[in-house]
Amino acid sequence: MQKEVDYKKLLNELKLELINKGLNKSLRKNNIRVLGLDLFSDDASFPGLLLIGKDELKYLDSNSAMVSRLKERLSLEKTTIIVADAMAIPNYLLDIAIQLGLWLLRSIEDLSLLYFRAYGILKEAFSTRLSMHGTFLNIHGMGVLIQGRSGIGKSETALDLIKRGHELISDDLVELYESSSGKLIGEAPDLLKHKLEIRGIGVVDVINMFGASSYYPKKSVELVIELKEFSKDESYDRLGLECNYVKILNNEIRKMVIPVLPGRNIALLVESATLKAKLIKYMAIDDSKEFVAMLDSRRRND
């Protein structure tokens, strides 16, 4: 399936003004360039998004030959034109867009900021995507991916966490990709947005049931928690000194394993594990290491 960016998404996220609606329904080229002299050569390849700022418009205004050359090049390679800095659209540029059926848009932002934001949208849309089974929530401001075998209680745990004030991002299946800054981002497939499947109840819409504050559209993945049935034959980290990671795409994500036993409040344990991981990551507070250090100190003193 070919990757693409819907123009409605582009207009909304970049807050663009529509000057001329093009013939193509979506953007299918993932590169972005500022108009420069190198693009006028025959061997140059035009990008999916062509940005034009104040200086570029001044150059075109004073050089009719380059305007003709631009029209010639654009007739061979369709592109989307965005004029930055809220500049007035010259008639020649509007005529080119109309005659060639090109999208012509305008932004109030300066060229450098527009480039940065547009690059992020293209990077997100065209980046490699990975689908993983699990339930993804925003817990205390951290993106937590809960995994485990089917039927172990991931969705039920998510329901309990939503009642505690946390937010569902995706249930059952999570789409993962890398943002322009390299962070691992997770979101729900379109069909599963704000949906939660509970055995015996069926599919529920968390917004309808708990309100808009129960749903979060997307978040960076900062913690993976695996729910695993308790086994007497398996050893578990009782002090919390083990630090395990799982690699997803190009990101190393901290992973914790929570043994599942009848009577254990799994939602409370997930919430506590998240808070512990947050303290370690953002405040460098590790209660387990501090406890062991205190024990070692007492042994030495004895």
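User: What makes strand 6 and strand 7 (residues 104-106) count as paired?
Analyst: In this predicted model, strand 6 and strand 7 run parallel and are joined by 3 bridges. The cut-off for pairing is at least two bridges, so strands 6 and 7 qualify. One of the bridges puts I81 with L104 in strand 7.

User: And how do you know that strand 5 pairs with strand 6?
Analyst: Again by the bridges. Strand 5 (residues 49-52) and strand 6 (residues 80-83) share 4 bridges in the parallel sense, and at least two are needed. Among the partners, L49 goes with T80, and L50 sits opposite I81.

User: Where do the side chains of strand 6 point, and are they buried or exposed?
Analyst: T80 and I82 point one way, I81 and V83 the other way, and all are buried. "Buried" here takes a relative accessible area under 20%.

User: Why are strand 2 and strand 4 called edge strands?
Analyst: Look at the order first: 5 strands make an open sheet, 2-7-6-5-4, with mixed pairing. Strand 2 (17-20) and strand 4 (32-34) each have a single partner strand, so one side of each has no neighbour in the sheet. Neighbouring strands in this sheet are turned against each other by 25 degrees on average, direction ignored.

User: On to the helices. Why is helix 3 called roughly parallel to helix 4?
Analyst: Helix 3 (residues 64-76) and helix 4 (residues 91-100) pack at about 20 degrees, with axes 11 Å apart. Angles under 35 degrees count as roughly parallel, so that label fits helix 3 against helix 4. Their crossing is right-handed.

User: Which residues make that contact between helix 3 and helix 4?
Analyst: From helix 3 you have V67, L70, K71, L74 and S75, and they meet Y92, L93, I96, Q99 and L100 of helix 4. By class, that contact has 7 nonpolar, 2 polar and 1 charged residues.

User: What makes helix 1 oblique to helix 5, then?
Analyst: The axes of helix 1 (residues 7-14) and helix 5 (residues 111-126) come within 11 Å and cross at roughly 140 degrees. Roughly antiparallel would take an angle over 145, and roughly perpendicular runs from 65 to 115. The angle fits neither, so helix 1 is oblique to helix 5. This crossing is right-handed.

User: Which residues are in contact there, and how many are charged?
Analyst: Helix 1 brings K9, L10, E13 and L14, while helix 5 brings L114, R117, A118, I121 and E124. The contact has 4 charged residues, alongside 5 nonpolar and no polar ones.

Conventions: Residues are numbered from 1 along each chain as its sequence is written. This is a predicted model: local features need pLDDT of at least 70, side-chain atom pairs count only at pLDDT 80 or more; totals for chains, interfaces and linings use all residues. Side-chain values use heavy atoms; hydrogens and water are left out. Helices (H or I, at least four residues) and strands (E, at least two) are DSSP runs, numbered from the N terminus. Axes are lines fitted to C-alpha atoms, for helices over the stretch in contact, and angles run from 0 to 180 degrees between N-to-C directions. A crossing is left-handed if the near helix is turned anticlockwise from the far one by less than a right angle, and right-handed if clockwise. Contact means heavy atoms within 4.5 Å. Ala, Val, Leu, Ile, Met, Phe, Trp, Tyr, Cys and Pro count as nonpolar, Asp, Glu, Lys and Arg as charged, and the others, Gly among them, as polar. Buried means under 20% relative accessible area, exposed over 50%, partly exposed in between (1.4 Å probe, protein chains only).
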